[in-house]
Amino acid sequence: MRSIAQHLPDDLRACLDPDAPGIRLLASSWYPARLAHLILDALSEGLTEQQIQTMSRDATRDIVKRGTSSIYGFVLRRLITPEMYALSVARLWRQWHDTGDREVRVTSATTAQSKVLRWGGHHPVLCTITIETMCAVFEAMGCKSVTWQRTACVARGAKECATLLEWK
Ligand SMILES: [Zn+2]
């Protein structure tokens with residue numbers, strides 16, 4: 001983290017605490033997308049798409065697991081369904097992102113389609129992290145063998161990012 005911080009422009013470096021273990025962003029709860037992109041570029045440099053996916057998968061499973069080993073996890077498993085998640089995802093998205101609109105549609109008992117539209121802060125790694133976070137939430141809701149397929153991405157010239165999700 002320190003080495004990433006040293007190479008940042010001053011205004012962005014001020015957002016980071018280089019002495020913190022791992023990535024920690026300083027108190028102000030929002031930080032510029034440009035900073036997130038620089039960190040993601042540094043983290044993913046030299047990695048293949050498969051390695052980025054594995055990294056995103058491990059990180060999001062870890063975070064969701066920590067967040068769900070509580071009463072919140074019980075609620076998530078027992079009371080929240082993919083349909084309810086689909087209804088609240090746009091609001092959840094806006095809590096974390098200042099650009100982009102998120103849509104999730106449950107298309108059958110075991111499939112859903114996710115889209116991110118007008119996502120000015122798009123980064124290919126962030127796009128994969130978004131997908132893996134969604135999969136981790138579906139797993140926490142009790143969906144088994146969750147798999148996904150990216151059907152469109154602005155990084156590949158599409159107008160929006162779209163993913164098909166399938167589970168058992
Ligand atoms: Zn994308």
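In the predicted model, Thr111 is bridged to Glu166, a residue of strand 4. This bridge belongs to the pairing of strand 2 with strand 4, which is antiparallel and extends over six bridges. Strand 2 covers residues 111-117, and strand 4 covers residues 161-166.

Strand 4 also pairs with strand 3, which is made up of residues 147-152. These two strands likewise run antiparallel and are joined by five bridges. Ala152 has Ala162 of strand 4 as its bridge partner. The two faces of strand 4 are not alike: Cys161, Thr163 and Leu165 lie on the covered face, whereas Ala162, Leu164 and Glu166 lie on the uncovered one. The bridge partners named above, Glu166 and Ala162, are thus both residues of the uncovered face.

Beyond strand 2, the chain enters a loop that leads to helix 7 (124-140), and His122 is located in this loop. His122 counts as buried because 20 other C-beta atoms lie within 10 Å, and a residue is classed as buried at 20 or more. When neighbours within four places in sequence are set aside, the contacts of His122 are Cys127, Val154 and Cys161. Of these, Cys161 is part of the covered face of strand 4. His122 and Gly100 are 22 residues apart along the chain, and their C-alpha atoms are separated by 8.3 Å.

Helix 6 consists of 15 residues, 82-96. From the first C-alpha to the last, helix 6 reaches 20 Å, which is close to the expected 21 Å. The helix nevertheless contains a kink of about 50°, and this kink is centred on Ser88.

Terms used:
Residues numbered from 1 in each chain as written. Predicted model: local features only at pLDDT ≥ 70, side-chain atom pairs only at ≥ 80, totals over all residues. Helix = DSSP H or I, 4+ residues; strand = E, 2+ residues; numbered from the N terminus. Buried ≥ 20, exposed ≤ 12 C-beta atoms within 10 Å, placed from the backbone. Contact = placed C-beta atoms within 7 Å. Expected span 1.5 Å × (residues − 1). Bend = angle between axes of the 7 residues up to and from the residue. Pairing = 2+ DSSP bridges.
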